[in-house]
Structures are given as structure tokens and as C-alpha cells.
Amino acid sequence: MDSTVKDEMQLALPSGSSCPGLEWPEQEKAEQLARGAALKWASGIFYQPEQLARLGQYRSREVQRTCSLEARIKSVVQSYLEGVKTGVWQLAQALEAAQEAREALGQAHGLLRGMAEAVQTLEPLREQVAQHKQLQALSQLLPRLRAVPAAVTHTQTLIDAHQLLEAYVSLRELEQLQEETWASLGGLQFPVFERLGPLAEALGQAVEAAVGAAGQLAREDPALLVAAVRVAEVEACRTTSLEQAPRDWRQRCLRALEEGLERVHFGTPLLPGPGALAGWLEALRVALPAELATAEALIAPCCPPHYKVVQLWAHTLHSGLRRCLQQFLEGPELGAADAFTLLHWALHVYIGPEMMGSLELGPEADVSQLEPLLTLENVEKLEATFVSKVQASVVQWLQKALDGEVAEWGREQEPDVDPSGFYHSPMPAIVLQLLEENIRVTSLVSESLQWRVHGMALSELGAFLRSFNDALIRFSRDHLRGEAVAPHYVPYLLAALNHQSALSSSVSVLQPDGVAPGALAPVEAALDELQKRICRLVLEALLVELQPLFAALPSRRWLSSPELLDEVCERTARFCRNFRRVRNPEFQVLLAEVERTVVLQYLCALMQGRLVCRDVDERNQAAERLQHDAAQLRDLFLDLVRTCWTSRWAGVSVVEWEPRAGSRPTPTCSGPGGERSVRASAAHSAEAAEPPRPHDAWPRGGKPSAAISRRERGSRLRPLGPAWGCVPRAAPSRTQLPAGRPAALAPCGSPRTLQPCASTYTRSIFLPLFRDLCLTPNCPQNKATPPIRLNCVCWVRGMMK
């Protein structure tokens, strides 16, 4: 920019604008940027020498541009200066106007002061005018004011006569007179109107009482109900100039409807006492639907639509009943019957089609928005109460059933039998029916309650089985010690085994749908333990009879005569004669355990005894005695099985077992035709039931070919078979063989050399004991061997095979 232009701009600006401190802060930066841009442009244009020839053209162009910019700047500055000049002039004019207004305000203030002094002199006159107006109004209202006490009395009479509309009209006239008097006299209140407040409250109470008895009035005097509702609605729309609280009679009427309904159905005198809950709920089942029908048919037409009478009725009845039940549950603890009745009524009857779920209720009832009648905590508390009460009752009944059963064990008579000939007692049916009915009836309430009662029933059944087991132990101990000898000790043990069988086969009735399959596992384990305990007690009773006989084995008497084993067989047969009263499969298990116990005791007696064979003849005699004992024991248990099976079908009873010389012992029986052979009676007809097949006809493992279900088996102990077989695991007895090994004696046919076969089991057990013994008649080894002690002579053909 030229210096002349700068001088002109400085002259045009005010004197103070030339100060260094008032320059633009961006000016220096802008100049630096402009100079840099110009240098950059010039270096780009004149980089090549041939461009210098056009220097004059560039110079003239820039001069023209500079002049144009300077002219524009001058015009802008000039315009700015003119605007500033105009603004200064306007400010001066405004200052002059403000000064003139100030002077005018001062004059007006002086005039007002003078007028205030004049007004004070007129104040007594104003008071006289106001008093004159009040006296004029009072003179006009005086006749009406004199009639106010009589009007108040008349209005009270109308209220007492339940003429609510007339009473309200009279009250409104009195209140209008009060408003006129108050407005005319400038807020002055007269004592004559002091009774209007109590009069209005009396009318409000009469309206509230009429609406509170809406159910009764809708049937007897609907006009009174309509009048009360109309009074409340008109009062809700009224406005007053008096400074008094509004009378909200509409809300009072709605509250009166709710309170009257609750008072009719849920008043304190109507609450049920202990044991009366069922009757009270039944009365509500009938009364509440009738009340809703009355509200819809009679009360709703007497009220405005915005009252929503049917919805109000439904929600009021529900909330009142809910509050009443909460108070009832906070009182003394309910009994089992009351808790069950309340749960069933609240969860099913109340929301069912007979009450709140009725199709006759229209949508205006809006029952879908109702809260549950009982909270989750209430349901939980009631279910816990019901389960605890039922559990206490079940414990008492089970204990009574057990005490009654235990009391029968000492009777002089044998246990009762059913038409099939088995020992029978009503105890299993009582126990299962008691538990099953409690589980079944809870399905009417909820699944959670059914699961609770199901768990309780299984727990109590397990406790009952343990108590039964303990009672059997005490019964056996007292009998064996001689403290309380039972005349029929073993028959009652067999009857207990039948009880266990009945419980085991019917315990599945306690399993409701939806419960895990393994829920009965503890009960089944307790039943198995009970079966083992009973079998063990029966076997102990058998051992008490046979132990003195086995104590004489081996001996010279045993070696020379079969009388000792005949006595063993006779006592065993006599002991087992009541086994036919035992149901399957416990009969097979018990008979197999008896066979196993007899054989084990026989073997233990031989292995623990001491007998010296002095020569070959005695050794041969011992071998023959062992073969004879094996055949005799085998025939004993085969005939016991056949006899028991035949007696079940033919209706005969085993009396005695008589061995016959040279043949297998045959039991005799008594029946319609006298004594006869059970074997003959079982074989004379092809239709007779076949006994279990011999062991060699069964599959490996001793299990019959016919399938036996888990319920029929009871315990998992498999029977040994008709006379001998396999034991899959240890059975209850004092002495036990390794699992899976034969436990009976088998005949070897004609007498021959008793030699162990090539069996690993035989080699590992018996060959070390008898490595120096050979029982073959006329064997050279017998002659060369000196007499030795016979520690054990027990060769079983099944054991060798």
C-alpha cells in the first residue's frame, strides 16, 4: 500500500486510532502472510528468464488491483464514519428526552402528594357510605335471616326422613343466603349460620349411609339410592365463594360403597373360627357371585357410568377377601384340613368358572387385573403347614399300625391267612393306602404340594420300615433270650416277609406322574434291607434247632449210622413246612437261603471237627457216608420245593418228612384223600403246576428261564433253585460262601471214587487240604498211607463241575 493512502486513512480515523495499542492484533500477521504469498507467487511467475519480459504487464495489473482495493476501503471507512455520526446525534436527542421526562415526573409526584392529603380528609365520608350500604342490605335480608333457624330445623327433619333431595335443596338455599350475606356485608358472618356446617355434615353422613347400604336399597328402595347418588354428583359440581373446604361427597360415596360391601361379607364378627373355615369359604362361594350379579343388575343402573360399579364391586370383594385372608393367616396356625381347604379354594375354586372365572361376568368387571388371592409366601406357608400337620398325623397312624402288628406277634394263634393260603395282615394295605391317598388328594391343589407330600410320604415310609426292622430285631432278641417267648415265632417272621413282599410290589402306587424315576430308590433299599433282616432272623431260628446236631459232626455215631443226618433233615423239613405260606419270589429266596445255610453248617461242622480214619474200611465208610449225606440233602430240598409248589396248587399241607431206605426221602401230606405221596399227587396230572426246574436245566448263573420283574423279585438276591444253584451275592446268614459258587450237595450216582475235577477253584481251595488223602477203594496209596485225620470231607459234584 502506498504511503499516500496510509496518510489519508490515518486522517480519516479518529485521533486515538493511530495509537500503537489500538491497532488490530491480526494486522501484523496478515501483512506477513500477504508478503509471503506475494513472494511465493512472484518466485513462481519469474522463475524462468523469459518471463521477465512481461514484468511491465504484471506491474500495471497489480497497480490497478491495488487502486481498486484502496477505493473500496475508502468507501467502507466513509460509510462507517457516517453511521457513527448518526448514532452520536441520536444519543444526544435521547438524553434531551430523558431530561424532559424527569422534570414531568417530578411535577406529577408533587401533585400526588397534594391529592393524598385530600383523600385523608374524605376517609370518614367513605366509611359512612360503606355502613349505609351494609345497613341497606341488612334491612333487605333481615326477613330471610329471621327464617334461617326454622329452615335449618326443617332441613334436619328432611334428613331424618331420608328425603335427601329436598334436604339438599333447602341446604343449598341456606348456603346461598349465607353467601349473599357474606358478600353484601363485606365478609361479616352472622351466628345464625353457625348450624349450617353441622347440618351439611349430617346430610353428607346420610348420603354416605344410604350409599353404603346400596345392596339392600337396590332391592328395597332404589329411589333413595338414586337420590343419594344425585346429591353427591350435584355437590361435586358446586362452586362457592366462601372460604371453606370443599365437600368431596363423591369420593365419600365411593368409599362408602367399598366399606359397606366389606362390612357385609368380611366384617370381624363374620370371620371363621378354628375348624369353621370350610363352611365360611363355601358361603363365600355362593354369596360373592350373587353379589356381583346384584351389582350388575340392580346397583349399576342407579349410579353414573363413571362409577364403574361392577368393576368396583369385583375389586372391592377381591381386596376385602384378600385382606381378610391375610389377617386370618396371621392368627393361630391352621390345621391340615383348613390349610388344604384354603389352598384348594384359593387356587382353583375362586378363579374357577363358579366364581371369578364365570362366563356370566362381563368385561366391565375387569377381573384379569386382580392380584393373586394368596401371595407366594402365603402359599409356601400353607403348604409347609399342611405337610407338617399331615406328617404328624401319618407318623401317628403308622405307629399305631406298627404297634398293632407287633402286638399280634405274641398271640397264641398263627397269623391270619388270605383265601390263597398265604400269611396276611392288613398293615401293608393300611400303610400304602394312607400314603397314597395323601399324595393323590394333593394333586387337586398343586404340583408343588404333591411333590412335598410325596417326599414326606417316602421319608415316613422309610422311617416306618426302619422301625419295623428294629421291632423285628427286638422281637427276635426277646424270643431267643427267653424274655418274651413267642408261641409262633417263625410263622410271624414269615408273615413279616409277606408284608415286605406286599409293600415292595405295591410301592409304585406312591410314584405320581412327573417325579424322577429314582425317587423310590431309598424305599426300595429299605425294603431290601428288611427282606435281608427277616431272612437272617429265620435262618438264625433254624440254626438254633440244628446247631446241637451239627456239633456232633464228624463222629463215630455219624460215621456208623444215618440217624444224625436224618434228624437234621427231619427238623429242617418241619421248620420249612410253613414256607408255603410265603409268596413268591420271597419263598424261593428263603428256601434257597435255608438250603445254603444247612449246607454251609454241614460243611463247617465237617471242616472244624476231628475224625481219624484208622484204616481203609473207615475211609471207604466215610466216603460212602458223604455220598449218602449229599443225596439225602439234595432229595430233602428237591422234595421241599415240589411239596411247597404242589401244596400251593392242590391245597395240601406238609406234615412231616420221612426218609426211606434205598431211595430219596419223600414228604407225606394230608389232604382230602388222606396221607399220600406229594410226588405222586404232583405228577398224576399234566395240568398241575411244574415246580422250578433243576439247576442243570437253568442258564448259567442259577436264574430261571421265566422272567421275573423287579417288583416280583423284591430283593436282588436270586434263588438258588429247587435244590442247589448259585448265589449272585452274599445272603443273610452267619456263614457265607464266595459269591457265584454252588452251595448244595449233589449225588454222584453209584458209589465211585471221589476225585476232584480239573477246576481252578477246587484246586485252590480243597486240594491243599487233601493232597495226602485218596478215598478210592482198594487203592494202593491207601495201604501205604498211615492213618491220618479227616479235617474236611465235602465233595459236591456241582462244585467240581
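The following dialogue explains how to read several features of this predicted model.

Visitor: What kind of model is this, and how are residues numbered?

Guide: Residues are numbered from 1 along each chain as its sequence is written, and side-chain values use heavy atoms, with hydrogens and water left out. The model is predicted: local features need pLDDT of at least 70 and side-chain atom pairs count only at pLDDT 80 or more, while totals for chains, interfaces and linings use all residues.

Visitor: How many helices and strands does the protein have?

Guide: Helices (H or I, at least four residues) and strands (E, at least two) are DSSP runs, numbered from the N terminus. The protein has 26 helices and 5 strands.

Visitor: What share of the residues is buried?

Guide: A residue is buried when its relative accessible area is under 20%, exposed when over 50%, and partly exposed in between (1.4 Å probe, protein chains only). Of the 801 residues in the protein, 41% are buried. The accessible surface, computed by the Shrake-Rupley method with a 1.4 Å probe, where for residues only the protein chains shown count as cover, comes to about 43900 Å², and 56% of it belongs to carbon and sulfur atoms.

Visitor: How does one read contacts along the chain, and what part of them joins residues 24 or more positions apart?

Guide: Contact means heavy atoms within 4.5 Å. Among the contacts in the protein with a separation of 6 or more, 73% are between residues 24 or more positions apart. For a single residue, consider Phe46, in the loop between α2 (27-45) and α3. Phe46 is partly exposed, at 22% relative accessibility. Leaving aside neighbours within four places in sequence, Phe46 is in contact with Gln51, Leu52, Leu55 and Tyr58.

Visitor: Which residues of α3 are buried, and where does this helix bend?

Guide: The bend at a residue is the angle between axes fitted to the seven residues ending there and the seven starting there. In α3 there is a bend of about 40 degrees at Gln140, and a proline, Pro143, follows within four residues. The buried residues of α3 are Tyr58, Glu70, Ala137, Leu141 and Leu145. Tyr80 also belongs to α3 (residues 55-146), but it is exposed, with a relative accessible area of 57%.

Visitor: Which residues join Tyr80 in a nonpolar surface patch?

Guide: Patches are made of residues with over 30% relative accessible area and no salt bridge; like charges are joined within 9 Å, and nonpolar side chains (Val, Leu, Ile, Met, Phe, Trp, Tyr) within 5 Å. Here Tyr80, Val84 and Val88 make a patch of about 310 Å².

Visitor: How can the length of helix α16 be checked, and how many of its residues are buried?

Guide: The expected span of a helix is 1.5 Å times one less than its number of residues. Helix α16 (residues 489-506) has 18 residues and should span 26 Å, which agrees with the 26 Å between its end C-alpha atoms. Because 15 of the 18 residues of α16 are buried, this helix is largely enclosed by the rest of the structure.

Visitor: How many salt bridges are counted?

Guide: A salt bridge is a side-chain nitrogen of Lys or Arg within 4 Å of a carboxyl oxygen of Asp or Glu. By this rule the count is 20. Three residues, Glu201, Glu208 and Arg252, are linked in a network of such bridges.

Visitor: Where do the partners of a salt bridge lie along the chain, for instance Glu282 and Arg285?

Guide: An α-helix has 3.6 residues a turn, so residues three or four places apart point the same way. Glu282 and Arg285 are 3 residues apart in helix α10, and their closest N and O atoms are 2.5 Å apart. By contrast, Asp418 forms a salt bridge with Arg583, with closest N and O atoms 2.4 Å apart. This pair links distant parts of the chain: Asp418 is in the loop between α13 (376-408) and α14 (427-442), and Arg583 is in the loop between α19 and α20, 165 residues apart. Asp418 is buried, at 12% relative accessibility, whereas Arg583 is partly exposed, at 31%.

Visitor: Which peptide bonds before a proline are cis?

Guide: Among them is the bond joining Leu553 and Pro554, with omega about -20 degrees. Another is the bond from Asn584 to Pro585, with omega near 0 degrees. Pro585 lies in the loop between α19 (563-575) and α20 (586-608).
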